[in-house]
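Hello,

Here is the structure I promised to pass on to you. My notes on what turned up in it follow below, so have a look at it first and then read on.

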Amino acid sequence: MSIVTLGLGFTGRLTLYISPESVWFACAAAVVTLLGAIWSCTLPLGEEADHGHDHGTAHDDADAAPTPRRALAAAGAVTGGILATGVVAAALVLPPASLSVELAMSRVGEQTALFAGSDDVTLGIADTSTFGVGDWASVFATATNTAAYDGASVTLQGFVTPDAVKDGEVNLTRMVITHCVIDAQPATLPVDVDASAYDTGQWVEVTGTVKTDADGKLSIVPTEVVAIDEPGDPYEY
């Protein structure tokens, strides 16, 4: 597992599982674990059970009847070996992949979209030119003065998902993670496009402007929508 982790780190694919700022820690931990595993192989077999005093002769040990404790230890060793082999085999055989679109859709609505920069967004002092999908999701969810964002230009990348509330409408979606994919949450933005023009899960780059409707709700009015391949780093942080 340490070798797999280092391999993903050197090829830049470890960010499919953890945030970029955690990569150095994961790689350092992998090196320490690998060195410890190599060192453990230098110990003679059975050395870990030596406490510095005599436990009897080999003949005595051979004649000793199996005990429930030994049987339980053997069962634990076999079970642990099977589980560890399965995990390592999966890591070696299965290719690294981003979180699925289905997972993103299942997590929509689990929590309010409060991502990085939300405090600045609420105060209306942030530079929106640097905003990603997660930042704009915070604006759409929390801004009290939506007119302040009317007309802002955006160029965003994400994948298409159907709106969970309004039939026939679509959202631009991006997974936002804090530490690793376990805490990943979808950030969604309503986009005024024909729902039948794009398949669910299709990655697109949207260029357009933010508009406020009569009810004060924000949406993105695109001037151009281009289908793209999934980027090398599909997440925002």
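Gly208 has its bridge partner in β5, namely Pro222. This comes from a predicted model, so please read everything below in that light. Another pair in the β4 and β5 pairing is Val204 with Ala227, the latter lying in β5. The two strands run antiparallel and are joined by 9 bridges. Between them the hairpin has 5 residues, and Gly216 takes a positive phi near 85 degrees there.

On its other partner, β4 is joined to β1 by 7 bridges, again in an antiparallel arrangement. Here Gln157 is matched with Glu205 of β4.

For the overall layout, the protein chain has 7 helices and 6 strands. The order from the N terminus is α-α-α-α-α-α-α-β-β-β-β-β-β. Of the contacts with a separation of 6 or more, 63% are between residues 24 or more positions apart. The chain has 237 residues, and 30% of them are buried. Its exposed surface comes to about 14400 Å², with carbon and sulfur atoms supplying 60% of that area.

Now to the inside. The largest nonpolar core holds 22 residues, and the members that touch the most others are Trp136, Val139, Leu156, Leu172, Leu189 and Ile220. At least two core residues come from each of α7 (133–142), β1 (153–162), β2 (170–176), β3 (185–191), β4 (203–212) and β5 (218–227). The most generous of these is α7, which gives 4 residues. As background, nonpolar side chains in soluble globular proteins tend to be buried together.

How much of α7 is covered? Most of it, with 7 of its 10 residues buried. These are Val133, Gly134, Asp135, Trp136, Ala137, Ser138 and Val139.

Trp136 deserves a look of its own when you open the model. Setting aside neighbours within four places in sequence, Trp136 is in contact with Thr128, Phe131, Tyr149, Ala152, Val154, Leu156, Leu189 and Val210. One of those residues, Thr128, is in the loop between α6 (118–123) and α7. Beyond residues up to four places away in sequence, Thr128 touches Trp136, Tyr149 and Ala152. Thr128 and Val154 are 26 residues apart along the chain, with 8.4 Å between their C-alpha atoms.

Next, two residues from the strands. Asn171 is in strand β2. Is Asn171 buried or exposed? Its relative accessible area is 9%, so Asn171 counts as buried, the cut-off being under 20%. Not counting residues up to four places away in sequence, Asn171 touches Phe159, Val160, Thr161, Pro162, Asp163, Thr188, Leu189 and Pro190.

Pro162, among those contacts of Asn171, is found in strand β1. With a relative accessible area of 38%, Pro162 is partly exposed, because that value falls between the 20% and 50% limits. Pro162 and Thr173 are 11 residues apart in sequence, and their C-alpha atoms are 9.6 Å apart in space.

On charges, the count comes to 1 salt bridge. The side chains involved are those of Glu236 and Arg174, at 4.0 Å from N to O. This pair links distant parts of the chain, with Glu236 in strand β6 (residues 235–236) and Arg174 in strand β2, 62 residues apart. Both Glu236 and Arg174 are buried.

Finally, the outside. Which residues form a nonpolar patch on the surface? They are Met1, Val87, Val88, Leu92, Val93 and Leu94, and together they have about 580 Å² of accessible area. Leu92 belongs to helix α4 (residues 68–93). Leu92 has a relative accessible area of 59%, so it is classed as exposed, the limit being over 50%.

If you want a route through the model, you could begin at Trp136 and its contacts, which include Leu156 and Leu189, then move to the salt bridge of Glu236 and Arg174, and end at the surface patch that includes Leu92.

Best wishes

Technical notes
Residues are numbered from 1 along each chain as its sequence is written. This is a predicted model: local features need pLDDT of at least 70, side-chain atom pairs count only at pLDDT 80 or more; totals for chains, interfaces and linings use all residues. Side-chain values use heavy atoms; hydrogens and water are left out. A nonpolar core is a set of buried Ala, Val, Leu, Ile, Met, Phe, Trp, Tyr and Cys residues joined through side-chain atoms within 4.5 Å. Buried means under 20% relative accessible area, exposed over 50%, partly exposed in between (1.4 Å probe, protein chains only). Contact means heavy atoms within 4.5 Å. Patches are made of residues with over 30% relative accessible area and no salt bridge: like charges are joined within 9 Å, nonpolar side chains (Val, Leu, Ile, Met, Phe, Trp, Tyr) within 5 Å. Accessible areas come from the Shrake-Rupley method with a 1.4 Å probe; for residues, only the protein chains shown count as cover. Two strands pair if DSSP finds at least two bridges between them.
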